[in-house]
Amino acid sequence: MKIKDIKVFVCCPGRNFVTVKVITEDGTYGLGDATLNGREMAVVAYLEEHIVPCLLGRDAHQIEDIWQYLYKGAYWQNGAVSMAAIGAIDMALWDIKGKLANMPVYQLLGGKSRKGVTVYGHANGETIEEVLNNLGTFIKEGYKAVRLQCTIPNTKGTYGTMEGKKNYYELQGNRPLPPEQVWSTDRYMNFIPELFKQAREKFGYEIALCHDVHSRLTPIEASRLCKLLEPYKLLFIEDAVTTENAEGYKVIREHTDTPLATGEKFNTLWDAKEMIQNQWIDYVRTAVPHGGGLTPLKKLADFASLHHVRMAPHGAPDLSPVCVMAHMHFNLWAPNFGVQEFIGFGTPELNEVFQYKIELKEGLLYMDDKPGWGIDFVEEAAKKYPYKRSYLPVNRLEDGTLWNW
Ligand code: CS2
Ligand code: MG
């Protein structure tokens, strides 16, 4: 089944998304998410200039060979930009194979390992009280797991909080230059344990709680934070330290039994190998697009399962609904699936461009059994929302030191 055309769409229904559409000679098409927050156009160029020309005319069924061809054939392997581009093509090819087989993709992987996908929601706020109110709402809605993030007092802009904006799209879609935020490790370390203490006092231990440090600590600081949080029995603490230094997770592991999650910035199985085989982490957060596609992600899941490490895919606002649906299939299949990050059902603009159906019941996500991923992209609607350059924030210590990972 020859690949006849490949289109790359960039639109901004609230925030920027890059969507790849691979079209075969009989008109069957597949979708992939190539969004890389703050570097979208670099991925577009990689796709249009370097990938599309060498895929036209190839057999869309040869997913594994095309992946190896794009990854090894590039010579310059790895890296966030190239893997987001390769990942989107791979996703589109799996969507096509599912449609041609008239099966949902999870069936091609070996079928369902569970009835629905357990998710964790985002409870954040400017104060502990606001975070706990939001947590209470999630518990009432039946969520089984919730991430808590709170603005650190006397600090301008803390990761994971809304900074007064109504939603993530308003927050992330309007940063013409990287906002500069001030970070204080001491203030953070003195504050976060209190957040979880009050959460457990108010809601008990039935609800699973997690937190994203966003790689802002050194290994020994992260070890101390994890120990301080031990009494509150977190599901996991995420990105306690940067993954650039895998040994950092060894240090934390030697100090605490708080479960550790990382990997949203892993681009290949090799980025995860050392931490998994040394049992330094408990959850892998790699998303299908950023990990280079479903082809490598299912290998990563199998490798992780050998070490009793579970999958907890990244599900931030800068991963498009195409990725949300790909994760539904991956998570329904993966025997070692743990929990999926879920930020909600999008906005009217987003749902005008991306058409899909998922349903949340008692903290689990469900979907219909449609061939492929079960999502469509409305090109006419996307034209209404042109790309708008926007950046991620950077963090500096109070003395001005750049402290961003
Ligand atoms: C975060 C992301 O959701 C998460 O776990 O780490 O929000 C992350 O900051 C963004 O995806 C970066 O683009
Ligand atoms: Mg994260």
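Tutor: A donor here is an N, O or S atom within 2.8 Å of the metal (3.2 Å for Na, K and Ca), and water is not among the atoms, so sites may look incomplete. The model is predicted: local features need pLDDT of at least 70, side-chain atom pairs 80 or more, while totals for chains, interfaces and linings use all residues. Residues count from 1 along each chain, chains are lettered from A and ligands numbered from 1, both as written, and side-chain values use heavy atoms, without hydrogens and water.

Student: What makes Asp212, Glu238 and Glu264 donor residues of the magnesium ion (ligand 2)?

Tutor: Their OD or OE atoms sit at 2.1 to 2.2 Å, and the cut-off is 2.8 Å, so they count. Along the sequence the spacing reads D-x25-E-x25-E.

Student: Where do Glu238 and Glu264 lie in the chain?

Tutor: Glu238 is in strand β8 (236-238), and Glu264, 26 residues apart from it, is in the loop between β9 (260-262) and α10 (269-277). Strands are DSSP E runs of at least two residues, helices H or I runs of at least four. Both glutamates are buried (under 20% relative accessible area, 1.4 Å probe, protein chains only).

Student: Why is Lys265 called charged, and how does the largest pocket's lining split by class?

Tutor: Asp, Glu, Lys and Arg count as charged, so Lys265 belongs there; Ala, Val, Leu, Ile, Met, Phe, Trp, Tyr, Cys and Pro are nonpolar, the others polar. The lining has 15 nonpolar, 17 polar and 14 charged residues, and α6 gives the most, with 3.

How values were computed
Buried < 20%, exposed > 50% of the residue type's maximum accessible area, 1.4 Å probe, protein only.
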